[in-house]
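Biologist: Before we talk about this model, please show me the sequence and the structure, and then let me ask how each term is justified.

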Amino acid sequence: MICEYTIRMIGEYDILVLSPQMIAQLIENIKTSDSKELVISAGEILPQEYAEYLAHVMETNLDIHQENGVYKIIAEQMDKLKINEQKCFDKVELTTEPNDIQFMLDTNDYFYMLVKEKKSSFSYVYKELNCKGF
């Protein structure tokens with residue numbers, strides 16, 4: 001029997017940058033990790049070309065001009081993910097060394113346990129956006 005869990009994004013955003021594909025990649029990284037503490041290269045989650053596109057969209061439409069702004073928003077949105085009313089991550093930090101942007105994550109014990117279950121499946125919900133099966 002597959003157990004299905006719903007991941008929700010809380011809060012209001014001018015732009016939703018954290019996509020279902022990024023969350024699926026996060027889940028995959030947690031599944032293969034030996035520890036609930038992870039360091040994930042930003043490029044694993046968000047290809048550089050797409051990051052540049054999003055930065056351009058933010059500058060043009062939202063007048064947001066900040067270095068690494070896309071990655072900062074992703075980190076903020078990761079920090080707002082919840083599963084069954086518990087945060088998915090106890091800590092989300094962004095490190096921005098030249099040519100090496102990384103997310104440092106401390107996965108909540110509860111979320112870590114759910115991801116590690118062999119028969120778990122996740123759905124992502126944010127307002128009208130509803131994605132199933134990762």
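Modeller: Helix H1 (residues 20-31) has 12 residues, and because the expected span is 1.5 Å times one less than the number of residues, the 16 Å between its end C-alpha atoms agrees with the 16 Å it should span. The model is predicted, so local features need pLDDT of at least 70, side-chain atom pairs count only at pLDDT 80 or more, and totals for chains, interfaces and linings use all residues. Residues are numbered from 1 along each chain as its sequence is written, and side-chain values use heavy atoms, leaving out hydrogens and water.

Biologist: What makes a residue of H1 count as buried, and which residues are buried?

Modeller: Buried means under 20% relative accessible area, with exposed over 50% and partly exposed in between, for a 1.4 Å probe and protein chains only; by that definition Pro-20, Met-22, Ile-23, Leu-26, Ile-27, Asn-29 and Ile-30 are the buried residues of H1.

Biologist: How do you know that S5 and S6 pair?

Modeller: Two strands pair if DSSP finds at least two bridges between them, and S5 and strand S6 (residues 100-107) have eight, in the antiparallel sense, with Leu-105 in S6 as the bridge partner of Val-92.

Biologist: Why are S2 and S5 called edge strands?

Modeller: The open sheet has the order S2-S6-S5 with antiparallel pairing; strand S2 (37-41) and strand S5 (89-97) each have a single partner strand, so one side of each lacks a neighbour in the sheet.

Note on methods:
Helix = DSSP H or I, 4+ residues; strand = E, 2+ residues; numbered from the N terminus.
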